[in-house]
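Please read the following walk through the model with the sequence and coordinates open beside it. The order runs from the interior to the charged pairs.

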Amino acid sequence: MTPLLESEEHKSLREAVAAFANTHPHTTNAEDNTRLWQAAAKLGYIGVNLPEAYGGGGAGITELSLVLEELGAAGNPLLMMIVSPAICGTVIARFGTEEQKREWLPPLADGTRLMAFGITEPDAGSNSHRITTTARRDAATGDWILTGRKVFVSGVDLADATLIVGRTEDARTGKLKPCLFIVPRDAPGFERRAIDMELNAVERQFELTLDDVRLPADALVGDEDAGLLQLFAGLNPERVMTAAFGIGMGRYALSRALEYARERTVWKTPIGAHQAIAHPLAQAHIDLELARLMMQKAAHLYDAGDDVGAGEAANMAKYAAGEACVKAVDQAVHTLGGNGLTREFGLARLITASRVARIAPVSREMILNYVSHQTLGLPKSY
């Protein structure tokens, strides 16, 4: 059963992460971000979900999402936690070879290496079945040769390698099937270009070009015939962690608004005493708490090995957290009025950032499509 209340162990972890996060200044550049990442890794927070045998904490996505939420609530969300330990670390831990596990999991856990994740393409956003990045075998050497493009790949400049979703051809049917490949950052033919974003974030977004990138046979992660299973083993944690990212951001915005509403006085009364201010903030808190419950359910289902149940819950959690985050940020800015747009209070940057929780890694409309036909049994429109 999914517990409704956090265990004492989880409460202690939450308190410890919050204490750690609140002693660090807000990261505003890559250097600060790296220092925070490494400090968190030394305490075991970054690799808390990875197997103990490979230097991790031996816990699960439940604990990792808790860590990210608390970092975000302190104003220091680490976006690459969604990618490096949650997606890439999980996929390698579940499906990688012993050699891949030994090479990648210890440094991912201790923060000395990072891994990015490339799935989205210019012509294949929400529809992963249209991925055109292809991988073919070199019959003479056994090497893989990858060709294609990826967009909106986070943190490639910080990563030592990128886990790329490509497609191989089934020799029996001729159909393309998804597979996962570890592509080192210095692989010949592997090029990146920073995308000019108005989003004010430390982690930059990139477009990748793979021009006949040659990889050894052991660059393939897992079974060539189990691509979808392996892919969704990484995408469910991604959705859970994105929910944690949004909830943490929403909690941070709400905390700034509450502080302001208690202290800001107009006509001898703190503005937080007025229901026009108080009620929307109370609603924002309720929405964030409800989203957290669904996130915890999704994380527990995933950690229990229920990939199907986790898929439904993770999508719902991501949807709920995205909506709650945007509403909390919006209400926080309104509570502060003009001050909500100043650099001093740090809320204006969240107006754009909070929208990320709604549109990435999957839009709310696609989640509604998923729930419509997977949960409710309604016919597809596509």
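**From the core to the salt bridges**

In this predicted model, the largest nonpolar core has 111 residues. Those with the most contacts inside this core are Met-81, Met-115, Phe-117, Leu-146, Leu-163 and Val-183. Helix H6, residues 227–263, supplies the largest share of the core, 16 residues.

Leu-146 can serve as an example of these core residues. With neighbours within four places in sequence left aside, the contacts of Leu-146 include Thr-134, Ala-135, Ile-164, Phe-181 and Val-183. Further along the sequence, Leu-146 is also in contact with Leu-210, Asp-211, Asp-212, Val-213 and Leu-215.

One of these partners, Asp-212, has an unusual backbone angle to examine. Most residues other than glycine have a negative phi. Asp-212 is not a glycine, yet its phi is positive, at about 50 degrees. The residue sits in strand E7, residues 205–215. Its relative accessible area is 41%, so Asp-212 is partly exposed. Phe-152 is another non-glycine residue with a positive phi, near 55 degrees. Phe-152 belongs to strand E3, residues 144–154. Because its relative accessibility is 48%, Phe-152 counts as partly exposed.

Strand E3 also holds one end of a salt bridge, Lys-150. The side chain of Lys-150 meets that of Glu-121 at 3.0 Å, N to O. Glu-121 lies in the loop between strand E1 (115–118) and strand E2 (134–137), and the pair links distant parts of the chain, 29 residues apart. Are the two partners buried or exposed? Glu-121 counts as buried because its relative accessibility is 3%. Lys-150 counts as buried too, because its relative accessibility is 0%.

The next stop is helix H6, where Arg-239 is found. Arg-239 has 11% relative accessibility, and therefore counts as buried. Its side chain makes a polar contact with the side chain of Asn-315, at 3.1 Å. Apart from neighbours within four places in sequence, Arg-239 is in contact with Ala-314, Asn-315, Lys-318, Pro-361 and Val-362. Pro-361, one of these, lies in the loop between helix H9 (348–359) and helix H10 (364–375). Most peptide bonds are trans. The bond from Ala-360 to Pro-361 is cis, with omega near 0 degrees.

Helix H6 also contains a salt bridge within itself, between Glu-259 and Arg-256. The side chains meet at 3.8 Å, N to O. The two residues are three apart in the helix, so about one helical turn separates them. Glu-259 has a relative accessible area of 38%, and is therefore partly exposed.

Helix H7, residues 275–303, comes next, with Gln-296 as the residue to follow. At 15% relative accessibility, Gln-296 falls under the 20% limit and so counts as buried. The side chain of Gln-296 makes a polar contact with the side chain of Glu-6, at 3.1 Å. Gln-296 can also be placed relative to Glu-238: the two are 58 residues apart in sequence and 14 Å apart in space, C-alpha to C-alpha.

Helix H7 holds Ile-286 as well. Ile-286 has 46% relative accessibility and therefore counts as partly exposed. Together with Leu-290 and Leu-293, Ile-286 makes a nonpolar surface patch of about 280 Å².

Return now to the charged pairs. How many salt bridges does a search of the whole structure find? The search finds 23. One further pair is Glu-323 and Arg-364, whose side chains meet at 3.2 Å, N to O. Glu-323 lies in helix H8 (residues 307–336) and Arg-364 in helix H10, so this salt bridge ties together parts that are 41 residues apart in sequence. Glu-323 is buried because its relative accessible area is 12%. Arg-364, at 28% relative accessibility, therefore counts as partly exposed.

Some salt bridges share partners, and in this way Glu-6, Arg-14, Glu-69, Glu-70, Arg-251, Glu-289 and Arg-292 are joined into one network. Glu-6, a member of this network, is also the polar-contact partner of Gln-296.

Conventions:
Residues are numbered from 1 along each chain as its sequence is written. This is a predicted model: local features need pLDDT of at least 70, side-chain atom pairs count only at pLDDT 80 or more; totals for chains, interfaces and linings use all residues. Side-chain values use heavy atoms; hydrogens and water are left out. Helices (H or I, at least four residues) and strands (E, at least two) are DSSP runs, numbered from the N terminus. Buried means under 20% relative accessible area, exposed over 50%, partly exposed in between (1.4 Å probe, protein chains only). A polar contact is a pair of N or O atoms within 3.5 Å; within protein, one must be able to donate a hydrogen and the other to accept it, and residues adjacent in sequence count only if both atoms are side-chain atoms. A nonpolar core is a set of buried Ala, Val, Leu, Ile, Met, Phe, Trp, Tyr and Cys residues joined through side-chain atoms within 4.5 Å. Contact means heavy atoms within 4.5 Å. Patches are made of residues with over 30% relative accessible area and no salt bridge: like charges are joined within 9 Å, nonpolar side chains (Val, Leu, Ile, Met, Phe, Trp, Tyr) within 5 Å. Accessible areas come from the Shrake-Rupley method with a 1.4 Å probe; for residues, only the protein chains shown count as cover. A salt bridge is a side-chain nitrogen of Lys or Arg within 4 Å of a carboxyl oxygen of Asp or Glu.
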